[in-house]
Amino acid sequence: LHKTVYVLFLLFQILGAVILGFGIWILADKTSFIAVLQMSSPSLKTGAYILIGVGALTMLMGFLGCLGAVNEIRCLLGLYFTCLMLILLTQIAAALVIYFQKETLKVELSNIVVDLIEDYDPLNEDKRNLQDAWDYVQTQIACCGWTGAKEWENNEILRNKSNSEYPCSCSNRSKDLVEGRGFCALDDPVNGTATYADWPVHEQGCMDGVEQWLKDNLGIILGVCTGVAVIELLGMILSISLCKNIHSEDYTKVPKS
């Protein structure tokens, strides 16, 4: 039995460390789509802190559960079971909210990116990290804008230059990607003006690229979530079994009259 307890304890330490690490990564990441979201949306930053808290709590509960099982302390096993149940219910609630609010979240995400594109200014040092993160996304996914390059026509700087420049990170030319950020000039704009159709940029919007990434990795995401839920259920079942076992043993130790 103790071997099973130790294995489960180890699994919970790993599980807690993974959740904790994921939360820290969301806060620390400065060069991906996650960075764009967490710097633009307070809700994602709050979610990251929640993940850090859940990860730390999971690791602590793994330790307390192991301690309670080895020393047969029922109150620790009860606390272990209660915390696991709360964590599992929170995860289920979060999954349901994401599923039923996915269209709302999609609209919110679209608004964040559109606002970022309209206000994009390479000389603005206050938003440098956020803009660099979006440039990184466009370069890595080979996309332009959220639904397409036309959104960049609404950028104030490009509009003032009659769209004779375009975002370098959108470019499909390798020489522009060396810079990787800011704006690049068209070689020969007609009458000094142009439209997004004249830009040498990718046609695909980043929304399609992000959705495709989610589809490609959906199996992995669901597998990880299922694995986490199974481990938590095993921990709850084991803690209940141990509590009953301790309870039974206590009665068998009572001397018969």
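This note goes through a predicted model point by point, from the overall fold to single residues.

1. **Overall make-up.** The protein has 10 helices and 2 strands. From the N terminus, the order of elements is α-α-α-α-α-α-α-β-α-β-α-α. The chain has 257 residues, and buried residues make up 37% of them. Contacts often bridge distant parts of the sequence. Among those between residues at least 6 apart, 70% join residues at least 24 apart.

2. **Annotated membrane spans.** The unreviewed UniProt entry places the feature "transmembrane region" at residues 7-28, 48-70, 77-100 and 220-243. Two of these spans can be checked against the model here. Residues 48-70 are 100% helix and 0% strand, and their end C-alpha atoms lie 33 Å apart. Residues 220-243 are also 100% helix and 0% strand. For that span, the end C-alpha atoms lie 35 Å apart. The annotation itself comes from the UniProt record.

3. **Cys66.** This residue sits in helix H3, which covers residues 42-70. Is Cys66 buried or exposed? Cys66 is buried, because its relative accessible area is 12%, under the 20% cut-off. Tyr80 is 14 residues away from Cys66 along the chain. In space, the C-alpha atoms of Cys66 and Tyr80 are separated by 9.3 Å.

4. **H5 against H6.** Helix H5 spans residues 102-119. Its axis is 11 Å from that of H6, and the two pack at an angle of about 110°. That angle falls in the range of 65 to 115 degrees, so H5 and H6 are roughly perpendicular to each other. On the H5 side, the contact uses Val113, Leu116, Ile117 and Asp119. On the H6 side, Leu130, Gln131 and Trp134 take part. These residues of the H5 and H6 contact divide into 5 nonpolar, 1 polar and 1 charged.

5. **H6 against H9.** Helix H6 covers residues 128-141, and helix H9 covers residues 206-216. Their axes come within 10 Å and cross at roughly 70°. H6 and H9 are therefore roughly perpendicular to each other. H6 brings Trp134, Val137, Gln138 and Ile141 to this contact. H9 answers with Cys206, Gly209 and Val210. The residues of the H6 and H9 contact divide into 5 nonpolar, 2 polar and no charged. Note Trp134: this H6 residue meets H9, and Trp134 is also in the contact with H5.

6. **Ser171, a loop residue.** Ser171 is found in the loop between strand S1 (165-167) and helix H8 (174-177). How accessible is Ser171? Its relative accessible area is 1%, so Ser171 is buried. Its side chain has polar partners. One is the backbone nitrogen of Arg173, reached at 3.0 Å. Another is the side chain of Asp176, joined to the Ser171 side chain by a polar contact of 2.7 Å.

7. **What surrounds Ser171.** Set aside the neighbours within four places in sequence. Ser171 is then in contact with Tyr166, Asp176, Leu177, Pro200, Val201 and His202. Asp176 thus appears both among these contacts and as a side-chain polar partner.

8. **Two residues with positive phi.** Most residues other than glycine have a negative phi. Which values are found at Ala142 and Ser162? Phi of Ala142 is near 60°, and phi of Ser162 is near 55°. Each is a positive value in a residue other than glycine. Both belong to loops. Ala142 lies between H6 and helix H7 (156-160), and Ser162 lies between H7 and S1.

9. **Accessibility of that pair.** Ala142 has 30% relative accessibility, so Ala142 counts as partly exposed. Ser162 has 28% relative accessibility and therefore also counts as partly exposed. Ser171, in the loop after S1, is buried instead.

Technical notes. Residues numbered from 1 in each chain as written. Predicted model: local features only at pLDDT ≥ 70, side-chain atom pairs only at ≥ 80, totals over all residues. Heavy atoms only, no water. Axes fitted to C-alpha atoms, helices over the stretch in contact; angles between N-to-C directions. Helix = DSSP H or I, 4+ residues; strand = E, 2+ residues; numbered from the N terminus. Parallel < 35°, antiparallel > 145°, perpendicular 65-115°, else oblique. Contact = heavy atoms within 4.5 Å. Nonpolar A, V, L, I, M, F, W, Y, C, P; charged D, E, K, R; others polar. UniProt positions renumbered as here; feature names shortened; annotations may be inferred. Buried < 20%, exposed > 50% of the residue type's maximum accessible area, 1.4 Å probe, protein only. Polar contact = N/O pair within 3.5 Å; in protein donor to acceptor, adjacent residues only side chain to side chain.
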